Amino acid sequence: MRGVVFLGDRELELREFPDPEPGPRDVIVELRASGMCGSDLNTYRLSREQRATRPMHIAGHEPCGVVVACGAGVGDDEAPIGERVMVHHYSGCGRCRNCRIGYTQMCIHGSKVYGGSADGGHAKYIRVFPYMLVPLPDELTFEEGAAVSCGTGTAFLALERLAVSGRDTLAVYGQGPVGLSATMLAKAMGARVIAVDMAPERLALARELGADETIDAGAGDPVQAVKELTRGDGADATLDCTGNPAARANAVKSAVDWGRVCFVGEGNTATFDMSPDIIHKQLTLYGSWTFSTTGQARCARFVIDRKIPLKRLLTHRFTLDEAEPAYKLFDTQTTGKGVFVFE
Ligand SMILES: [Zn+2]
Ligand SMILES: [Zn+2]
């Protein structure tokens, strides 16, 4: 089979790999959809030198497909052949305190990230462990399952951490795939949503997908704009999906006294004026890293039950042969989300 490997300097290769064979405790999933996520782009944009310091594996950490083979040590009920599944894209020891609650990415003995430190979903097959499988409900397409497998699931768990409800005005910084998902999901949770971004076309899509208000952060001070939309108070809850230091500071500054702030955008740093911005405002800050296996399943159910228009987020479909133009496009394309689909 062929798999996408990022080479650095915005180059990639469709490299030939042997079809994976299941070891005793392995499951082989045939991919039907594999999403493109912001962190794939981060790897794509590394220089050749930076890329050389990291493991070279098949990319793609939003895998969704069908179980096609199992090792001899896998019970029928663990991974039924033909089952539609999402992959929770991490493995761990399975026994530590974090693995046992479904957060294998936090395994205290070291985890693997499929699509980073292990082979991911940008290929015909992926080899995983049975505990990584999250059943894909019939109501969801494979493409929607792929979105839930990183970007949308990350947004859902962040909103759970913030305990967003109909009492809240929520400001979401960044309207890429994670931020747009947060906008849609928070709206369905009853919140009044203020979407913030620098790109007018992203804000237009956010408004279509449910944002009550939009703020162009490039056109003025977004903190002031959030305050103007909240009678000078600030938002009850704010969420940073950008990973940008200035946006993080704005997420903190635009939260109301006693408000909650959550960070999901990865990398980078942030600087806050601790006393006026955080301590004297009695803020509660959360970091939220993707989701557990059970959180992923909860997100899928919520998307179905609340009829979240996830399909609208999935604006671009590609075959694996189109990987090069696909990543080239999303390197500059700012709106919507791309997904690889398989025959
Ligand atoms: Zn991701
Ligand atoms: Zn563990």
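Trainee: What makes β11 and strand β12 a pair?

Mentor: The bridges do. This is a predicted model. In it, β11 and β12 (residues 213-216) are joined by four bridges in the parallel sense. Pairing needs at least two bridges. So four bridges meet the cut-off of at least two, and the strands count as paired. One bridge joins Ala 195 to Thr 214 in β12.

Trainee: What makes β10 and β11 a pair?

Mentor: Again, bridges. Strand β10 (residues 169-173) runs parallel to β11, over five bridges. The requirement is at least two, so this pair qualifies too. Here Ala 171 has Ile 194 in β11 as its bridge partner.

Trainee: Which helices complete the β-α-β units around β11?

Mentor: Helix α5 (residues 177-188) sits with β10 and β11 in a right-handed unit. Helix α6 (residues 200-208) does so with β11 and β12, also right-handed.

Trainee: Is strand β11 mostly covered or mostly open?

Mentor: Mostly covered. Five of the six residues in β11 (residues 192-197) are buried.

Trainee: Why is the site of the zinc ion (ligand 2) called tetrahedral?

Mentor: Check the angles. Its four donor atoms make angles of 102 to 118°. The tetrahedral label requires all angles between 85 and 135 degrees. The range of 102 to 118° falls inside those limits, so the site is tetrahedral.

Trainee: How do you know which atoms are the protein donors of ligand 2?

Mentor: By distance. The SG atoms of Cys 93, Cys 96, Cys 99 and Cys 107 lie 2.3 to 2.4 Å from the zinc ion. The cut-off is 2.8 Å, so these sulfurs count as donors. Their spacing along the chain is C-x2-C-x2-C-x7-C. Cys 99 and Cys 107 are buried.

Trainee: What makes Cys 37, His 61 and Cys 150 donors of the zinc ion (ligand 1)?

Mentor: Same test. Cys 37 (SG), His 61 (NE2) and Cys 150 (SG) lie 2.0 to 2.2 Å from the ion. Donors must be within 2.8 Å, so they pass. The sequence spacing is C-x23-H-x88-C.

Trainee: Why do you say that His 61 and Cys 150 tie parts of the chain together?

Mentor: His 61 is in the loop between α2 (48-52) and β4 (63-70), and Cys 150 is in the loop between α3 (142-148) and α4 (151-162). These parts are 89 residues apart in sequence, so the pair ties them together.

Trainee: How do you know that His 61 is buried?

Mentor: Its relative accessibility is 6%. Buried means under 20%, so His 61 qualifies. Cys 150 is also at 6% and buried.

Trainee: Why is the pair of Phe 263 and Phe 272 called tilted?

Mentor: The structure holds 10 aromatic pairs. In this one the ring centres are 6.2 Å apart and the planes are at 40°. Pairing needs centres within 6.5 Å; stacked is under 30 degrees and edge-to-face over 60. The angle of 40° is neither, so the pair is tilted.

Trainee: Which of Phe 263 and Phe 272 is buried, and which is partly exposed?

Mentor: Phe 263 is at 16%, under the 20% limit, so it is buried. Phe 272 has 22%, so it is partly exposed.

Trainee: What makes Phe 318 and Phe 340 a tilted pair?

Mentor: Their centres are 6.0 Å apart, with 50° between the planes. That angle lies between the 30 and 60 degree limits, so tilted is right. Phe 318 is in strand β16 (residues 314-318) and Phe 340 in strand β17 (residues 337-341), 22 residues apart. Both are buried.

Note on methods
Residues numbered from 1 in each chain as written. Chains lettered and ligands numbered in written order. Predicted model: local features only at pLDDT ≥ 70, side-chain atom pairs only at ≥ 80, totals over all residues. Heavy atoms only, no water. Buried < 20%, exposed > 50% of the residue type's maximum accessible area, 1.4 Å probe, protein only. Helix = DSSP H or I, 4+ residues; strand = E, 2+ residues; numbered from the N terminus. Donors = N, O, S within 2.8 Å, 3.2 Å for Na, K, Ca; no water. Right-handed = clockwise from strand over helix to strand, strands pointing away. Tetrahedral: all angles 85-135°; square planar, octahedral: opposite > 155°, others 65-115°.
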